[in-house]
Amino acid sequence: MDARGGQGGIQHLLAAEQEAQRIVNAAKNAKTARLKQAKEEAEKEIAEYRSQVEAEFQRKVAASSGDTGANVKRLEQETEAKIEHLKFEASNISYDVVQMLLRHVTTVKN
């Protein structure tokens, strides 16, 4: 009887060990599945956030590029006005500058 009882105890222990292994494997599989699901959810949230940030960036670029055309036109007008002013000023003093240069060139100093 002891042999049978010992043999039955060993069988009982083996069955318990197999049951424990099955439970551990099921827990590992559940953990792996949950990690995979969490990773997919995180990737989805990242993609949504990235698209929101990209849309905001594109909106700002579009808003500022509209201003850029107006700024370029304004700068071109200001530049043209400054060029015209410089031409006018140069024409006003060119005769005086030529006379001053001629006077310095033709004057002989000892």
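## Close-up views of helix α1 in a predicted model

Glu56 has a relative accessible area of 33% and is therefore partly exposed. The model shown in these views is a predicted one.

**View 1. Glu56 and Arg59 pair through their side chains in a salt bridge.** The closest N and O atoms of Arg59 and Glu56 are 2.5 Å apart, and the two residues, both of which belong to helix α1, are 3 residues apart, or about one turn of the helix. Like Glu56, which is partly exposed at 33%, Arg59 falls in the partly exposed class, because its relative accessible area is 47%. Side chains of opposite charge can pair when their charged atoms come close.

**View 2. Arg74 and Glu78 meet in a salt bridge within helix α1.** The N to O distance between these side chains is 2.9 Å. Arg74 and Glu78 are separated by about one helical turn, because they stand 4 residues apart in helix α1. With a relative accessible area of 39%, Arg74 counts as partly exposed, and Glu78, at 36% relative accessibility, is likewise partly exposed.

**View 3. Arg34 and Glu41 form a salt bridge.** Here the closest N and O atoms lie 4.0 Å apart, and the cut-off that applies to such a pair is 4 Å between a side-chain nitrogen of Lys or Arg and a carboxyl oxygen of Asp or Glu. Arg34 has a relative accessibility of 45% and so counts as partly exposed, while Glu41 is also partly exposed, its relative accessible area being 36%. The structure holds 4 salt bridges, among them the pair formed by Glu41 and Arg34.

**View 4. A nonpolar patch on the surface is formed by Ile93, Val97, Met100 and Leu101.** Together these four residues present about 330 Å² of accessible area. Leu101, one of the residues of this patch, has its place in helix α1, which spans residues 2-106. Leu101 counts as partly exposed because its relative accessibility is 48%, and the partly exposed class lies between the limits of 20% and 50%.

**View 5. Residues 13-59 carry the UniProt annotation "coiled-coil region".** The annotation comes from an unreviewed UniProt entry. In the predicted model, the chain over residues 13-59 is 100% helix and 0% strand, and the C-alpha atoms at the two ends of this stretch are 68 Å apart.

Definitions and conventions: Residues numbered from 1 in each chain as written. Predicted model: local features only at pLDDT ≥ 70, side-chain atom pairs only at ≥ 80, totals over all residues. Heavy atoms only, no water. Patch = residues over 30% accessible without salt bridge, like charges linked within 9 Å, V, L, I, M, F, W, Y side chains within 5 Å. Areas by Shrake-Rupley, 256 points an atom, 1.4 Å probe, with all protein chains shown as cover. Buried < 20%, exposed > 50% of the residue type's maximum accessible area, 1.4 Å probe, protein only. UniProt positions renumbered as here; feature names shortened; annotations may be inferred.
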